[in-house]
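Dear colleague,

Please find the structure handed over below, together with some notes on what turned up in it. Have the model open beside you while you read, and take the notes one helix or residue at a time.

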Amino acid sequence: MAKSLRRIALVVALATALSKVVGLLRQQVIAAAFGVGAAYDAYNYAYVLPGFLLILLGGINGPFHSAMVSVLSRRDRSEGAHVLAAINTLVGAALLAVTLLLIVAADPLITLVGPGLDASRHQLAVVQMRWMAPMALFAGLIGLGFGALNAADEFWLPAVSPLLSSLAVIGGIALLWWQLGTAILLPEWAMQGGIVLAASTTLGAVLQWLIQLPALAKQGLNKFQLVWDWKHPGVKEVLGVMGPATLSSGMLQINVFVDLFFASGIVGAAAGLGYANLLVQTPLGLLSNALLVPLLPVYARLTAPADRPELVARIRQGLMLSSASMLPLGALMVGLAVPIVKLVYERGAFNHGAAQLVAGLLIAYGVGMPVYLGRDVLVRVFYALGDGVTPFRWSLAGIGLNAFFDWFLVGGPSPWGLQLPALNFGAPGVVLATVAVNLITCGGLVVALAARLGGLPLRAWGRDTLLLLLAAVAAGGVGWTAAGWVGWPAGWLGLLLQNAISAGLALATYGLIGSLAGVPEVRQLLALALRKRKPASGA
């Protein structure tokens, strides 16, 4: 089992890494072409709803994907084909209606999401949303198809497919640059640039759907017809998991709406959040897919009472590996925020001021990186147990908490007219609000899971997590100190050396302290990094 998990994790990691590298290149192209100007700032508001659906419904480890994996992993291919066709039919009809709604109601929806936008950015966002509305339909089909493929042990294609979206955007901007040249940087071309950005994003979603069709046919899951069968046991089981899971994940995405609502009065904040988020999502998405994609079917197959000890061991494995990998990465984001942003983005329209804005946001994201992945591990355990209600309840509570923390950390009208003190952290406060909500949610889910399983060794897990945290703090301090040395060469090569050497020293510090502390997951990661074969620790 451990060998199989390592093999799957390697396949997923390689595919996701390729996808993330191309995604980073896409973001660099966007930064050079648009900076934090109107075209990309408006795009972030226009993308909220279509992108919310693409991430929520079409994303790997999303509710549609997770529901299909959980149910189809226990069924043969012929039955799986029928279930997939029936779910595609039901979901497709619903999302076609959502697509039409996004087109018709784009103007009021942009007002709702970004009330602080000026008139020109508002109008640009409306046009962009209409171009991206069809993504709603394709999002559901993408998530269902890739979930079925993962259940059939097909992991490469779903993990690598997002690079098609990135290539479509890069190609669209390249064509626009070929037509306009440096004129693309001028404000009067913001509308045309914004349309190209939106249209190429939609094209990328269409390509993600098309690429899965031959693979589904190869796996015998290609029942391409309308099937109105919501009474089939498999269909009912998928809907039973997918409904609460979608609502739960949707609550998390609603927090994005709340964040942008509070950030809409800060010029360039939405664009800055987009750039910083990409820097976080690159390693986060890679590790999330490498961990969760192979573990989710394992969780689903260990739900019997007799398998409880193995399930607890695998939960520990998921949580501790996420902490062991995300804590040092978070420390790097905090300690090396400025040189990282300068190296990746500072060119073309992306100037020094934009770099400072994004660096502040990256620091805030780095503080919360461990809880992002830890929450996802816990949610997938509940899905595997057939419980989508508990994550939904915590996500629902998170909306209110997020609104409160956004107001408290960013500033805004006091709730219920009360005159309460509020901090004013600006755009980074939006990220810190999300971090606070995720931390509270993780704590609640751990307590609920312990009650569900009759107890968990939380004291031992907490001790090891604390040791990892201390190692990460030390690593971040070493990285920050090294990056602050004044002797780095100027230019791109100097930035590359500054980041590489500082990060190397920080990671070496983390590995040394974590290994000496006796945390087995750190030793596993070091063994993988050094390409040594060591037995996996499940407890």
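Helix α17 runs over residues 389-410, and because each residue should add 1.5 Å, its 22 residues should span 32 Å, which agrees with the 31 Å between its end C-alpha atoms. The expected span is taken as 1.5 Å times one less than the number of residues in the helix, and a helix here is a DSSP run of H or I with at least four residues, while a strand is a run of E with at least two, all numbered from the N terminus. Please bear in mind that this is a predicted model, in which local features need pLDDT of at least 70 and side-chain atom pairs count only at pLDDT 80 or more, whereas totals for chains, interfaces and linings use all residues. Residues are numbered from 1 along each chain as its sequence is written, and side-chain values use heavy atoms, with hydrogens and water left out.

Two other helices can be checked in that way. Helix α11 (residues 190-218) has 29 residues that should span 42 Å, and its end C-alpha atoms are 44 Å apart, which agrees; after α11 comes Gly 220, with a positive phi near 75°. For α18, the 27 residues should span 39 Å and the end C-alpha atoms are 40 Å apart, which agrees too, and Gly 454, which follows α18, has a positive phi near 80°.

As for the chain as a whole, its secondary structure comes to 21 helices and zero strands. Buried residues make up 56% of the 539 residues, where buried means under 20% relative accessible area, exposed means over 50%, and partly exposed lies in between (1.4 Å probe, protein chains only). If one takes the contacts with a separation of 6 or more, residues 24 or more positions apart account for 83% of them, a contact being heavy atoms within 4.5 Å.

Some single residues show how the helices meet. Among the buried residues of α17 are Asp 406, Leu 409 and Val 410, and these three are touched by Gly 429, not counting residues up to four places away in sequence. Gly 429 is placed in helix α18 and counts as buried because its relative accessibility is 0%; its C-alpha lies 5.1 Å from that of Val 410, although the two are 19 residues apart in sequence. In the loop between α16 and α17 you will find Asp 387, which counts as buried at 12% relative accessibility and, with residues up to four places away in sequence left out, touches Phe 382 and Arg 452. Leu 284, in helix α13 (residues 269-300), is buried with a relative accessible area of 7%, and its contacts, again not counting residues up to four places away in sequence, are Met 326, Tyr 372 and Leu 373.

Next come the charged pairs. Side chains of opposite charge can pair when their charged atoms come close. A search of the whole structure finds seven salt bridges, each defined as a side-chain nitrogen of Lys or Arg within 4 Å of a carboxyl oxygen of Asp or Glu. One of them joins Arg 316 to Asp 464, with the closest N and O atoms 3.0 Å apart, and this pair links distant parts of the chain, since Arg 316 is in helix α14 and Asp 464 is in helix α19, 148 residues apart. Both of these residues are buried. Asp 464 also meets Arg 463 in a salt bridge (3.5 Å, N to O), and through shared partners Arg 316, Arg 463 and Asp 464 are joined into one network. Another salt bridge is formed by Asp 376 and Arg 380 (3.7 Å, N to O), which are separated by about one helical turn because they are four residues apart in helix α16.

Last, what kinds of residue line the second largest pocket? Its lining divides into 19 nonpolar, eleven polar and no charged residues, where Ala, Val, Leu, Ile, Met, Phe, Trp, Tyr, Cys and Pro count as nonpolar, Asp, Glu, Lys and Arg as charged, and the others, Gly among them, as polar. Helices α14, α16, α18 and α19 each supply at least two residues of that lining. A pocket, on a 1 Å grid over the protein atoms alone, is an open set of points where a 1.4 Å probe fits, with protein on both sides within 12 Å along at least five of seven lines, and lining residues have an atom within 4 Å of a point.

With best wishes
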